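User: I would like to learn how the descriptive words used for a protein structure follow from computed values. Could you take me through some examples, step by step?

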Amino acid sequence: MNKEKKKDLTIIIVTYKSAHIIGQALTNIVGKGYRIIIIDNGSNDNLEVFLKENYSHLEIELILLENNCGFGRANNLALEKVTTKYALIQNPDAV
């Protein structure tokens, strides 16, 4: 896939207490030109600190929710921010 096509994709990851596993998912998608939006669904598991310590050099948009609004609603919040032609909803444990 050429670089221009990759930029047409936003990857959305909704997490809930997934800071300990999200790094495995990010390893395979970072640095490939995809826009990444991560929504922490009110888990308070230091995901923000993990991302700053390990991925601060990347443009990952992090949305921190105070309360768990559910998987579907959280994805809809992220989909509202998508500006690319395509969006992919990925689970944090997918590698």
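**From values to words**

Analyst: Let us begin with K81, which has a relative accessible area of 38% and is therefore partly exposed, since that word covers values between the 20% limit for buried and the 50% limit for exposed. Please keep in mind that this is a predicted model.

User: What makes the pair E61 and K81 a salt bridge?

Analyst: The side chains of E61 and K81 meet with N and O 3.7 Å apart, and the cut-off for a side-chain nitrogen of Lys or Arg and a carboxyl oxygen of Asp or Glu is 4 Å, so the pair qualifies. E61 lies in strand β3 (residues 60-64) and K81 in the loop between α4 and β4 (86-90), so the pair ties together parts that are 20 residues apart in sequence. E61 has a relative accessible area of 24%, and is therefore partly exposed.

User: How do you know that R73 and E80 form a salt bridge, and which word, exposed or partly exposed, fits E80?

Analyst: For R73 and E80 the N to O distance is 4.0 Å, and the rule asks for atoms within 4 Å, so this pair is counted as a salt bridge. E80 has a relative accessible area of 58%, which is over 50%, so E80 is called exposed, whereas R73, at 43%, counts as partly exposed. The structure holds 4 salt bridges, and those that share partners join R35, E61 and K81 into one network.

User: Where do E48 and K52 lie, and why is K52 called exposed?

Analyst: Both E48 and K52 lie in helix α3, 4 residues apart, which is about one turn of the helix, and they form a salt bridge whose closest N and O atoms are 3.7 Å apart. K52 has a relative accessible area of 56%, and because this is over 50% the residue is called exposed, while E48, with 34% relative accessibility, counts as partly exposed.

User: Why is N41 called buried, and what does its side chain make a polar contact with?

Analyst: N41 has a relative accessible area of 2%, and because this is under 20% the residue is called buried. N41 lies in the loop between β2 and α3, and its side chain makes a polar contact with the side chain of N68 at 3.1 Å, where the limit for such a contact is 3.5 Å. The backbone nitrogen of C69 lies 2.9 Å from a polar atom of the N41 side chain. Leaving aside neighbours within four places in sequence, the residues in contact with N41 include V14, Y16, L65, G70 and F71.

User: Which residues have the most contacts inside the largest nonpolar core?

Analyst: The largest nonpolar core has 14 residues, and those with the most contacts inside it are I13, L26, I36 and I38. Two or more residues of this core come from each of β1 (9-15), α2 (22-27), β2 (35-40) and α3 (47-55). Not counting residues up to four places away in sequence, L26 touches I13, I36, I38, L51, Y55 and I60. A second, separate core of 8 residues includes V14, I37, I63 and A74.

User: What makes L79 suitable for a surface patch rather than a core?

Analyst: L79, in helix α4 (residues 71-79), has a relative accessible area of 35% and is therefore partly exposed, whereas a core takes buried residues and a patch asks for over 30%. F71, L79 and I89 make a nonpolar surface patch of about 260 Å².

How values were computed: Residues are numbered from 1 along each chain as its sequence is written. This is a predicted model: local features need pLDDT of at least 70, side-chain atom pairs count only at pLDDT 80 or more; totals for chains, interfaces and linings use all residues. Side-chain values use heavy atoms; hydrogens and water are left out. A nonpolar core is a set of buried Ala, Val, Leu, Ile, Met, Phe, Trp, Tyr and Cys residues joined through side-chain atoms within 4.5 Å. Buried means under 20% relative accessible area, exposed over 50%, partly exposed in between (1.4 Å probe, protein chains only). Contact means heavy atoms within 4.5 Å. Patches are made of residues with over 30% relative accessible area and no salt bridge: like charges are joined within 9 Å, nonpolar side chains (Val, Leu, Ile, Met, Phe, Trp, Tyr) within 5 Å. Accessible areas come from the Shrake-Rupley method with a 1.4 Å probe; for residues, only the protein chains shown count as cover. A polar contact is a pair of N or O atoms within 3.5 Å; within protein, one must be able to donate a hydrogen and the other to accept it, and residues adjacent in sequence count only if both atoms are side-chain atoms.
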